[in-house]
Amino acid sequence: AIADKLDGLLVQITQKTGNDGKLFGSVTNANITEALAVQGFVIERSMIRMPHGPLKQVGDYPLTVALYSDVSASITVSVLGEAMV
């Protein structure tokens, strides 16, 4: 049931960026776990598959959440930039 609710979910995360669209720092599985918790999903950090490592630029990234060995869901993490003031 959790996989059905997660599948296709869009998760938005806002990070500080420079003028070139690169993030100060990066978006990690811990950030994604926190964003999912806000939406009511309790997911372990280790369940989030990030094949290319932490996200370092603004954009949309398709990721997989492996709930069990044979159950996974596809989510899209949208990294939004927030200009430094």
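**Entry 1: strand β1.** I began with strand β1, residues 10-17, in this predicted model, and looked up which way its side chains point. They alternate along the strand: Val11, Ile13, Gln15 and Thr17 point to one face and are buried, whereas Leu10, Gln12, Thr14 and Lys16 point to the other face and are not buried. I noted that the buried set holds Gln15 and Thr17 beside Val11 and Ile13, and that Leu10 belongs to the set that is not buried.

**Entry 2: the partner of β1.** Next I asked which strand β1 pairs with in the parallel sense, and over how many bridges. The partner I found is strand β6, residues 71-83, and the pairing runs over eight bridges. To fix the register I looked up two positions: Leu10 has Thr76 as its bridge partner in β6, and Gln15, one of the buried residues of β1, stands opposite Gly81 in β6.

**Entry 3: the other pairing of β6.** I then turned to strand β5, residues 59-68, which pairs with β6 in the antiparallel sense over nine bridges. In that pairing I recorded Asp60, whose bridge partner in β6 is Ser78. The connection from β5 to β6 is a hairpin, and two residues make the join. Strand β6 therefore appears twice in my notes, being parallel to β1 and antiparallel to β5.

**Entry 4: the whole chain.** Stepping back, I counted two helices and six strands in the secondary structure of the protein, and reading along the sequence I wrote down the pattern α-β-β-α-β-β-β-β. The radius of gyration is 13 Å, close to the 12 Å that the globule rule gives for 85 residues, so the protein is as compact as a globular protein of that length. Taken along the principal axes, the box that the C-alpha atoms fill is roughly 45 × 25 × 20 Å.

**Entry 5: burial, contacts and surface.** Of the 85 residues in the protein, 33% are buried. I also looked at contacts between residues at least 6 apart in sequence, and 52% of these join residues at least 24 apart. For the accessible surface I noted about 5,400 Å², with 51% of that area belonging to carbon and sulfur atoms.

**Entry 6: charges.** Last, I looked up how far apart the mean positions of the 6 positive and 8 negative charges lie, and the separation is 7 Å.

Key
Residues numbered from 1 in each chain as written. Predicted model: local features only at pLDDT ≥ 70, side-chain atom pairs only at ≥ 80, totals over all residues. Heavy atoms only, no water. Buried < 20%, exposed > 50% of the residue type's maximum accessible area, 1.4 Å probe, protein only. Helix = DSSP H or I, 4+ residues; strand = E, 2+ residues; numbered from the N terminus. Pairing = 2+ DSSP bridges. Rg over C-alpha atoms; globule rule 2.2 N^0.38 Å. Contact = heavy atoms within 4.5 Å. Areas by Shrake-Rupley, 256 points an atom, 1.4 Å probe, with all protein chains shown as cover. Lys, Arg positive; Asp, Glu negative; His and termini not counted. Charge placed at Lys NZ, Arg CZ, Asp CG, Glu CD.
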